[in-house]
Amino acid sequence: MSIANHLFLSQMKPIISASNLNHCYGQGNLRKPVLVDINLQIYPGEIVILTGPSGSGKTTLLTLIGALRSLQGGSLKILDYELKGATQTELVTIRHQIGYIFQSHNLLSCLSAVENVSVPLKLDKHLNRDRRKTQSLAMLDAVGLGDRAEYYPDNLSGGQKQRVAIARALVTQPKLILADEPTASLDRQSGRKIADIMQQLVKQQGCAVLLVTHDNRILDIADRIINIEDGQIK
Ligand code: ADP
Ligand code: MG
C-alpha cells in the first residue's frame, strides 16, 4: 500500500475493526484454539481477500464478523456496533446491514430469481411491492440476468444461481459484503465472471468486501490480500 493511500485510509473510519480476536471450539480437554489474536481493519470501498489453507479459520472469522457466531475473546466493531456483549436483537440489526454470499447460493427453490432477490427488501417497511420488484429487477439486470427474472433456481446454471445470490446480497446496498468461497463450486469461466461482476458492483456502491477464497484465479480483484494460517494472520 502506498503512503498516500495509507494516510487516506487511516483518516477514514473502518467498517470492520477486530482487536485481539480469539476463538476456540470444544470444551475442556478438547478445547482447540481456531483464531489467535486477530487484528484486522477494513475500510469503506476496500475489497479484501482472505486466503489460507483449509481449516485455517477463514469461515470462523467470517461468521464472527458477520455476527453469525458469538464472540469469545477480544473485540470486534462492525459498522459502529460493538459485537462484544451485543444482545440478540442488536446482532439481528447488524445482520440486516450486511450482504452475505456463501459458497452454496442458498436460494429458495420455490421463489423465482426476482423473488429471491427481493427477499431482503421486505425488511424495509417503506418499500411497497412494486418498488421491491423494480429494484430487484434492476439488480438482476446489473448481474446480467435481466432476461432470467422469472426463472426458478432449478432452471438456472450454477453460475447464474450465484449471480442471483450476488444480486440478493447487494440489493439493499449494504455497506459490507461478506463472501465465503463464492466461486468454489463454479468452473473457471463462471468463477471469473462472478468475480468481475462483484468487483464492478461493489466499486459502484462503494461498499467494503471481505471475500474468502482458495481460488487464486480471482485474487486480482483484491485491493489487499490477507493470509491466514493456523488461525493467525501472516
Ligand atoms: P476454513 O474456513 O479456513 O476451512 P474453518 O473456520 O471452517 O476453516 O475451521 C477452522 C477449524 O475449526 C478447523 O479445524 C475445523 O475443523 C474447526 N471447526 C470449524 N467449525 C467447527 C465447529 N462448529 N465445531 C468444532 N470445530 C470446528
Ligand atoms: Mg471455510
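These are my notebook entries on a ligand shell and two sheets in a predicted model.

**Entry 1: around the ligand**

I began with ligand 1 and asked which residues surround it. The list I wrote down is Tyr-25, Lys-32, Val-34, Pro-53, Ser-54, Gly-55, Ser-56, Gly-57, Lys-58, Thr-59 and Thr-60. By character, the shell splits into six polar, three nonpolar and two charged residues.

Next I looked up which elements supply these neighbours. Strand 2 (32-42) and helix 2 (58-65) each bring at least two residues to the shell. Helix 2 contributes the most, with three.

**Entry 2: polar contacts of the ligand**

I then went through some oxygen contacts of ligand 1. The side chain of Lys-32 has an N or O atom 2.8 Å from a ligand oxygen. Thr-59 also places a polar side-chain atom 2.8 Å from an oxygen of ligand 1. With Gly-57, a polar backbone atom is the partner, 3.1 Å from a ligand oxygen. I also checked how much of the ligand is covered: alone, ligand 1 exposes 560 Å², and the protein buries 60% of that.

**Entry 3: the six-stranded sheet**

I traced an open sheet of six strands, and its order is 6-7-8-3-9-10, with mixed pairing. Its edge strands are strand 6 (98-101) and strand 10 (232-233), each paired on one side only. A reminder to myself: strands in a sheet pair through backbone hydrogen bonds, in either a parallel or an antiparallel way.

I zoomed in on one pair. Strand 7 (residues 176-180) and strand 8 (residues 208-212) are parallel and share five bridges. Leu-178 has Leu-210 in strand 8 as its bridge partner. Helix 6 (residues 158-170) packs on this sheet, where it touches strand 6 and strand 7, and its direction makes about 170 degrees with that of strand 6.

**Entry 4: the four-stranded sheet**

The other sheet I followed is open too, with four strands in the order 2-1-4-5 and antiparallel pairing. Why do strand 2 and strand 5 (81-82) each have one side without a neighbour in the sheet? Both stand at the edges with a single partner strand, so one side of each stays free of a sheet neighbour. Strand 4 (residues 73-78) and strand 5 run antiparallel and are joined by two bridges. Lys-77 is bridged to Glu-82 of strand 5.

**Entry 5: back to helix 2**

Last, I asked which strands helix 2 lies across in each sheet. In the six-stranded sheet, helix 2 crosses strand 3 (47-51), strand 6, strand 7, strand 8 and strand 9 (224-229), at about 155 degrees to strand 7. Helix 2 also lies across strand 1 (16-25), strand 2 and strand 4, at about 55 degrees to strand 2.

How values were computed:
Residues numbered from 1 in each chain as written. Chains lettered and ligands numbered in written order. Predicted model: local features only at pLDDT ≥ 70, side-chain atom pairs only at ≥ 80, totals over all residues. Heavy atoms only, no water. Near = heavy atom within 4 Å. Polar contact = N/O pair within 3.5 Å; in protein donor to acceptor, adjacent residues only side chain to side chain. Areas by Shrake-Rupley, 256 points an atom, 1.4 Å probe, with all protein chains shown as cover. Nonpolar A, V, L, I, M, F, W, Y, C, P; charged D, E, K, R; others polar. Pairing = 2+ DSSP bridges. Contact = heavy atoms within 4.5 Å. Axes fitted to C-alpha atoms, helices over the stretch in contact; angles between N-to-C directions.
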